[in-house]
Amino acid sequence: MEFSNSLIHWYLQNKRDLPWRNTTNPYWIWLSEIMLQQTRVAQGLPYFLSFTEAFPTVFDLANADEEQVLKLWQGLGYYSRARNLHATAKYIAFELNGEFPSNYKDLLKLKGVGGYTAAAIASFSFEEPVAVLDGNVFRVLSRYYNVASNISLPKTKTEFQQLAQEVLDKNNPAMFNQAIMEFGALQCVPKNPNCEACVLNSSCAGLQYKKVNELPVKSKKTKVTPRYLNYLILKDSDSNFIVQKREGKGIWENLYEFPVFETKRQLSENEIIEEVSKMEFFSLKPVEVISLHNDVKLHKLSHQHLNIRFFQVQFDSKLPDSKPITEIEKLPFPIVIHNFIVANYCNSL
């Protein structure tokens, strides 16, 4: 009880004032938890405010076009979260009459909702005594109890879930879960935590054994694959452009992009221009191919490093299915392409 009481006391004095903490509305809580997966609060907050303004209820989100949802999500990354969010909103609105499942077990059945998110909604909205387990909780528990198990392993997750459930304040699960996550985010931070000013320093085993900077243990490393994407900005005599929707599984599904060809290595500028000139899909021959900035834009994703370059291909006639920039700017793009469009073709968006 000392552990949970200290955490809650600390939380009441130090917590950030965030909109999803001032409600038990499961829609708001679900929305915030999906947005904050792999995302810092400072980055996610403006998106949360935009979404709740555009879609005040789950019915509003369910009735929105996917392109509108993806456009509002643009720049937040991990776009499968947005697609799952939209699909789940439709299910809740149309199959469950707008009522969220009120317990952990049924929340887990929702698309895009895993154990952590289900526990968060169940405890924050419905006060179900189920412990949350995210990166912050792993860190706090591993340090406080000096647990050196590798958190990359599935069996370790079970071990920590049991520990989190044991220390959970069953009478106040929402407050405790918020407290332990906030403590990990603000006090027990990944690097160089201020242990001298920590309310738990007298009882923290990791501090006692000088293991704070070694915990939690995470040995698994993500293999990163390099990819080389060469985008063709097809511009016609009316200064209109060709864009296409990215379909199929993989990165950026259902987002828009310029025509692209991928190479196995970084080609020189002359090699790319030569490749473009050979392409048979041009029924109209381009008048010139221009490299737009020689620098390669490196866009880092969790498992891929994208080496991106842009080449403008100018035509002296109209292109079929081309669109003006005022139309294109309304479409959802990967943020690296969106930023390129803004920098090169728009005064402002």
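**Entry 1: a term I needed.** I began by writing down that a crossing of two helices is called right-handed if the near helix is turned clockwise from the far one by less than a right angle, and left-handed if the near helix is turned anticlockwise. I also noted that what I am looking at is a predicted model.

**Entry 2: the whole chain.** I looked up the secondary structure of the protein chain and found 15 helices and six strands. The C-alpha trace spans about 75 × 50 × 35 Å along its principal axes. Of the 349 residues in the chain, 49% count as buried. I then asked how contacts relate to sequence, and I noted that, among contacts between residues at least 6 apart in sequence, 68% join residues at least 24 apart.

**Entry 3: helix 3 and helix 5.** I turned to helix 3, which covers residues 41-54, and helix 5, which covers residues 66-73, and found that their axes come within 10 Å and cross at roughly 150 degrees. Because angles over 145 degrees count as roughly antiparallel, I wrote down helix 3 as roughly antiparallel to helix 5. With the definition from my opening entry in hand, I could record that helix 3 passes helix 5 in a right-handed crossing. On the side of helix 3 the contact is made by Tyr 47, Ser 50, Phe 51 and Ala 54, and on the side of helix 5 by Val 69, Leu 72 and Trp 73. When I sorted these residues by class, I had six nonpolar, one polar and no charged residues in the contact of helix 3 with helix 5.

**Entry 4: helix 2 and helix 8.** Next I took helix 2 (residues 26-35) and helix 8 (residues 115-126), whose axes come within 10 Å and cross at roughly 150 degrees. That angle makes helix 2 roughly antiparallel to helix 8, and the crossing of the two is right-handed. From helix 2 I listed Pro 26, Ile 29, Trp 30, Glu 33 and Ile 34 as making the contact, while from helix 8 I listed Tyr 116, Thr 117, Ala 120, Ile 121, Phe 124, Ser 125 and Phe 126. By class, the contact of helix 2 with helix 8 divides into nine nonpolar, two polar and one charged residue.

**Entry 5: strand 1 and its partners.** I asked which way strand 1 (residues 225-235) and strand 6 run, and I found them parallel, joined by 11 bridges. Within this pairing, Asn 230 has Arg 309 of strand 6 as its bridge partner, and Leu 234 stands opposite Val 313 of strand 6. Strand 1 is also joined to strand 4 (residues 260-263), by four bridges, and here the two strands run antiparallel. In that pairing I noted Leu 229 opposite Glu 262 of strand 4. I checked burial too: nine of the 11 residues of strand 1 are buried, so strand 1 is largely enclosed by the rest of the structure. Strand 6 is mostly covered as well, with 10 of its 11 residues buried.

**Entry 6: Asn 307.** I picked one residue of strand 6 (residues 304-314), namely Asn 307, and asked whether Asn 307 is buried or exposed. Its relative accessible area is 14%, and because the cut-off for buried is under 20%, I entered Asn 307 as buried. Leaving aside neighbours within four places in sequence, I found Asn 307 in contact with Pro 226, Arg 227, Tyr 228, Leu 229, Gln 266, Val 296, Lys 297 and Leu 298.

**Entry 7: Asn 97.** For another asparagine I went to Asn 97, which sits in the loop between helix 6 (80-95) and helix 7 (104-107). Asn 97 has a relative accessible area of 59% and is exposed. Not counting residues up to four places away in sequence, Asn 97 touches Phe 59 and Ile 92. I also looked up Val 58, which is 39 residues from Asn 97 in sequence, and found the two 9.9 Å apart in space, C-alpha to C-alpha.

**Entry 8: Glu 166.** My last look was at Glu 166, whose place is in helix 10 (residues 154-167). With a relative accessible area of 61%, Glu 166 is exposed. I asked how far Glu 166 is from Phe 183, which is 17 residues away along the chain, and I noted that their C-alpha atoms are separated by 18 Å.

Key. Residues numbered from 1 in each chain as written. Predicted model: local features only at pLDDT ≥ 70, side-chain atom pairs only at ≥ 80, totals over all residues. Heavy atoms only, no water. Axes fitted to C-alpha atoms, helices over the stretch in contact; angles between N-to-C directions. Parallel < 35°, antiparallel > 145°, perpendicular 65-115°, else oblique. Contact = heavy atoms within 4.5 Å. Nonpolar A, V, L, I, M, F, W, Y, C, P; charged D, E, K, R; others polar. Buried < 20%, exposed > 50% of the residue type's maximum accessible area, 1.4 Å probe, protein only. Pairing = 2+ DSSP bridges.
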